[in-house]
Amino acid sequence: MDSGLSLARITVHSPHVPTLAGWAHDEWGHLHPGRSRAAAIATFRADCGSEGVPSVFAAMDGERPVGMASLVVDDMDDRHDLTPWLASVYVLPAWRGQGIASALVRRVEAEAQAHGVERFYLYTSDQQPLYRRLGWEDVEDREYHGETVTIMRRDLSPRGPAPSAAARPV
């Protein structure tokens, strides 16, 4: 990841919540039929916990977010048996290819591990190679709201230090 960037915890009061929620709504809103932009912002804000599950992190270029990732309780409305989830991994197109998504995923993994999570999940329609490189394993391929997705899992060691990834609150 570019050394000029930092990772920040996004708080419920952050001025960046509407921007980040907007990215998520624009990118994945079709997977939540009927959810308005305002409802997406409210849901996103609720995921901005102070630590553990839920948490939201952003890659920051100074005071401007350029990417995000979340640790949430639930990310598929029909798979409540799986929890928690890595969700909303997104990097602005101009910033892709610099390791930002990987750094954000590692930060969420560190947060999960620091709070006793031993296994968590994600789903993706097109980024399976990235997550496999980061140690995620396929669980199943399925249709979800008209899109073919792969559910993946990551097992974290209950012992040993979490991957280092400090984040300042924003």
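1. A residue counts as buried when its relative accessible area is under 20%, as exposed when that figure is over 50%, and as partly exposed in between. Keep that in mind for helix 3, where twelve of the 15 residues are buried, leaving the helix mostly covered. Bear in mind, too, that you are looking at a predicted model.

2. Staying with helix 3, which covers residues 100-114: the buried set is Ile-100, Ala-101, Ala-103, Leu-104, Val-105, Arg-107, Val-108, Glu-109, Ala-110, Glu-111, Ala-112 and Gln-113. Have a look at Arg-107, Glu-109 and Glu-111, which are among those buried residues. The length works out as well: 15 residues at 1.5 Å a residue should span 21 Å, and the end C-alpha atoms are indeed 21 Å apart, so the two agree. Just after the helix you reach Gly-116, which has a positive phi of about 80 degrees.

3. Now go back to helix 1, residues 17-28. Its twelve residues reach 16 Å from the first C-alpha to the last, close to the 16 Å expected at 1.5 Å a residue. Val-17, Leu-20, Ala-21, Gly-22, Trp-23 and Ala-24 are buried here. What covers them? The cover over the buried residues of helix 1 includes helix 2, strand 2, strand 3 and strand 4.

4. The packing of helix 1 against helix 2 (residues 37-46) deserves its own point. Their axes are 9 Å apart and the packing angle is about 115 degrees, and helix 1 passes helix 2 in a right-handed crossing. On the helix 1 side the contact is made by Val-17, Pro-18, Leu-20, Ala-21, Gly-22, His-25 and Asp-26, while helix 2 brings Arg-37, Ala-40, Ile-41, Phe-44 and Arg-45. By type, the residues of this contact come out as seven nonpolar, two polar and three charged. A reminder for reading such a list: an α-helix has 3.6 residues a turn, so residues three or four places apart point the same way.

5. On to the strands, beginning with strand 1 (residues 5-9). Is it enclosed or open? Four of its five residues are buried, so strand 1 is largely enclosed by the rest of the structure. Its partner is strand 2, residues 55-61, and the two pair in the antiparallel sense over five bridges. If you want one pair to find on screen, take Leu-7, whose bridge partner in strand 2 is Ala-59.

6. Strand 7 (147-155) pairs with two strands that I'd look at together. Strand 5, residues 119-124, runs antiparallel to strand 7 and is joined to it by six bridges; in this pairing Tyr-121 stands opposite Arg-153. Strand 6 is also antiparallel to strand 7, with seven bridges between them, and there Glu-143 has Thr-148 as its bridge partner.

7. Strand 6 and strand 7 form a hairpin with two residues between them. His-145 is in the loop between these strands. Which feature makes His-145 worth a check? Its phi is positive, about 50 degrees, although His-145 is not a glycine. Its relative accessible area is 36%, so His-145 is partly exposed. Another one to check is Ser-88, a residue other than glycine with a positive phi near 55 degrees; Ser-88 sits in strand 4.

8. The loop between strand 3 (64-72) and strand 4 (85-91) holds Leu-82. Is Leu-82 buried or exposed? At a relative accessible area of 9%, Leu-82 is buried. Setting aside neighbours within four places in sequence, Leu-82 is in contact with Val-73, Tyr-121 and Ile-151. Tyr-121 is 39 residues away from Leu-82 along the chain, yet their C-alpha atoms are separated by 7.0 Å. This is the Tyr-121 that stands opposite Arg-153 in strand 7.

9. Last, look at the cis peptide bonds. One runs from Val-53 to Pro-54, with omega near 5 degrees, and Pro-54 lies in the loop between helix 2 and strand 2. Another joins Thr-83 and Pro-84, where omega is about -10 degrees. Pro-84 belongs to the loop between strand 3 and strand 4, which is also where Leu-82 lies.

Notes:
Residues numbered from 1 in each chain as written. Predicted model: local features only at pLDDT ≥ 70, side-chain atom pairs only at ≥ 80, totals over all residues. Heavy atoms only, no water. Buried < 20%, exposed > 50% of the residue type's maximum accessible area, 1.4 Å probe, protein only. Pairing = 2+ DSSP bridges. Contact = heavy atoms within 4.5 Å. Axes fitted to C-alpha atoms, helices over the stretch in contact; angles between N-to-C directions. Left-handed = near helix turned anticlockwise from the far one by under 90°. Nonpolar A, V, L, I, M, F, W, Y, C, P; charged D, E, K, R; others polar. Expected span 1.5 Å × (residues − 1).
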